[in-house]
Amino acid sequence: MKNILVTGAAGFIGSAFARYMVKKYPHYNIIVYDKLTYAGNLNNLSEIDDEGNYRFERGDIAARDVVRGILQKYDIDTIVNFAAESHVDRSILNPDAFIHTDVVGVYILLDEGRKHGIERFLQVSTDEVYGDVETGYSTEDDRFLPNSPYAASKAGGELMVRAYHVTHGMNTVITRGSNTFGPYQYPEKLLPLFITEAIDNRPLPLYGDGMQVRDWLYVDDHVTGIDVALHHGVAGEAYNIAGENEQHNIDVIKAMLKLLGKPETLIKHVPDREGHDRRYAMNCDKLRALGWQRQYDFPQALALTVQWYQDNEWWWREIKTGEYLEYFKRQYADRLAAADQDQPNNH
Ligand code: NAD
Ligand code: DAU
């Protein structure tokens, strides 16, 4: 492993991975390849701008000729694919881009990677491929039951990775992470959206009863899980990366408000997300057996995260303009209005 193409690393988790890899492995060259969609942001990578073993190239993972050119230009031997459309609500509004990137894009990366003679391909995937988990914990061999267009597109990408391993003998590994949070997360996801709205004393649109369960994983722990799977994972295998920290949404938001010193009356129960999965939960013994250990507990990681958004308003205020505001209106205007009408005293 020497020249690593990290795709989608101008986004939230990919940029944390790139920042970590550049510093931890000075003998690797880290080439970030990203289309810079609404979710991609070069500010996320500015910390490593001056590092000699880091390069940035802009492009689409589904653009075959461009991908081929980049693989040749940097003599790439390893691909770690973070590139995706990643937000469930956007996949409900318009799934086209999800099929383009999460399915077709993964296929193009695999196909060009194989032709180029890639030695290792890691696909970053999600616990959402297992679907709603009423009881117990998903293990890597469980069947896929994706419920949103996002989850279905990620499952499609994964199946293509599996096919290239079985059919062509490609050295592939898949990781399935749980709900990740931390600095530099685009403020459309629950925590960064609610932290930044709460800072401005605006209503927090909690879907339904807020009793959905997610398994919260700090971004730096997700990154080390991917590192361990990349270096030690068995070819053809998948590895769950879990926070082992199940929380109801409403409890996460109350803890966040407490840290900010803001009132719970900001919480507004709004009409639910369509097809909303009630619970995700995974077993991650398989990754632990490779030597992975989480470093953060939830209260500590939540406090770090809240503090980061308080300290870095420059980062999120620049994002919360233009297209972001149009999306926000489309996603929330009717929901917030309906909540007001139904329950004038809704908190
Ligand atoms: P993100 O939305 O913050 O970033 C996605 C990045 O991919 C952006 O930089 C975007 O510009 C880039 N991108 C999108 N389409 C592209 C294309 N066609 N070609 C090249 N680049 C493209 O996402 P994230 O939250 O950092 O998630 C990263 C990966 O981790 C995704 O594959 C996601 O499915 C997976 N994942 C996320 C979570 C989570 O909680 N955020 C949990 C588990 C797995
Ligand atoms: O589980 C891993 C997945 O986690 C990743 O694969 C996805 O890329 C990532 O976006 C995330 O998906 P979720 O749908 O779980 O995350 P989100 O932050 O959108 O929502 C978390 C929970 O909070 C979910 O139950 C929906 C709820 N929610 C979310 C938003 C944005 C609200 O109640 N109100 C909101 O406005």
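## Two ligands and the sheet beside them

Let us start at a single contact: a polar backbone atom of Leu36 sits 3.5 Å from an oxygen atom of ligand 1. Keep in mind as you follow along that this is a predicted model. Leu36 itself deserves a second look, for it has a positive phi of about 55 degrees although it is not a glycine. You will find Leu36 in the loop between strand 2 and strand 3.

From Leu36 we can move on to other contacts of ligand 1. A nitrogen atom of this ligand lies 2.9 Å from a backbone N or O atom of Ile61. With Ser86 the side chain takes part: one of its N or O atoms is 2.7 Å from an oxygen atom of ligand 1. How much of ligand 1 does the protein cover? On its own the ligand has 840 Å² of accessible area, and the protein covers 96% of it.

The shell around ligand 1 holds 29 residues, and those that come nearest are Ile13, Asp34, Ser86, Tyr150 and Lys154. Sorted by class, this shell has 14 polar, 11 nonpolar and 4 charged residues. Which elements give two or more residues to it? They are helix 1 (12-24), strand 5 (120-126) and helix 5 (149-168). Strand 5 provides the largest share, with 3 residues.

Strand 5 also leads us into the sheet. Here 7 strands form an open sheet with parallel pairing, in the order 3-2-1-4-5-6-11. Why is one side of strand 3 (54-58) and of strand 11 (237-241) left without a neighbour in the sheet? These two strands stand at the edges and each has a single partner strand, so one side of each has no neighbour there. On average, neighbouring strands of this sheet are turned by 20 degrees against each other, direction ignored.

To see one pairing in detail, look at strand 5 and strand 6 (residues 172-177). The two run parallel and are joined by 6 bridges. Gln123, for example, has Ile174 of strand 6 as its bridge partner. As a general point, the strands of a sheet pair through backbone hydrogen bonds, either parallel or antiparallel.

Next come two helices that lie across strands of the sheet. Helix 2 (residues 64-73) lies across strand 1 (3-7), strand 2 (29-34), strand 3 and strand 4 (78-81), and runs at about 170 degrees to strand 2. Helix 7 (residues 219-232) lies across strand 4, strand 5, strand 6 and strand 11. Its angle to strand 5 is about 145 degrees.

Now turn to ligand 2, where Ser86 appears again. A polar backbone atom of Ser86 is 2.8 Å from an oxygen atom of ligand 2, while the side chain of Ser86 has the contact with ligand 1 described above. Two further residues reach oxygen atoms of ligand 2 with their side chains: Asn249 has a polar side-chain atom at 2.9 Å, and Arg273 has a side-chain N or O atom at 2.6 Å. Taken alone, ligand 2 exposes 690 Å², and the protein buries 95% of that.

Around ligand 2 there are 25 residues, with Asp127, Tyr150, Asn179, Arg273 and Tyr332 the closest. Tyr150 is thus a name you have met before, since it is also listed among the residues nearest to ligand 1. By class, the shell of ligand 2 divides into 10 nonpolar, 8 polar and 7 charged residues. Helix 3 (88-93), helix 6 (190-199) and strand 8 (204-207) each supply at least two residues of this shell.

Helix 6 brings us to a last stop, Tyr184, which lies in the loop between strand 7 (180-181) and helix 6. Tyr184 is not a glycine, yet it has a positive phi of about 65 degrees.

Terms used: Residues numbered from 1 in each chain as written. Chains lettered and ligands numbered in written order. Predicted model: local features only at pLDDT ≥ 70, side-chain atom pairs only at ≥ 80, totals over all residues. Heavy atoms only, no water. Near = heavy atom within 4 Å. Polar contact = N/O pair within 3.5 Å; in protein donor to acceptor, adjacent residues only side chain to side chain. Areas by Shrake-Rupley, 256 points an atom, 1.4 Å probe, with all protein chains shown as cover. Helix = DSSP H or I, 4+ residues; strand = E, 2+ residues; numbered from the N terminus. Nonpolar A, V, L, I, M, F, W, Y, C, P; charged D, E, K, R; others polar. Pairing = 2+ DSSP bridges. Axes fitted to C-alpha atoms, helices over the stretch in contact; angles between N-to-C directions. Contact = heavy atoms within 4.5 Å.
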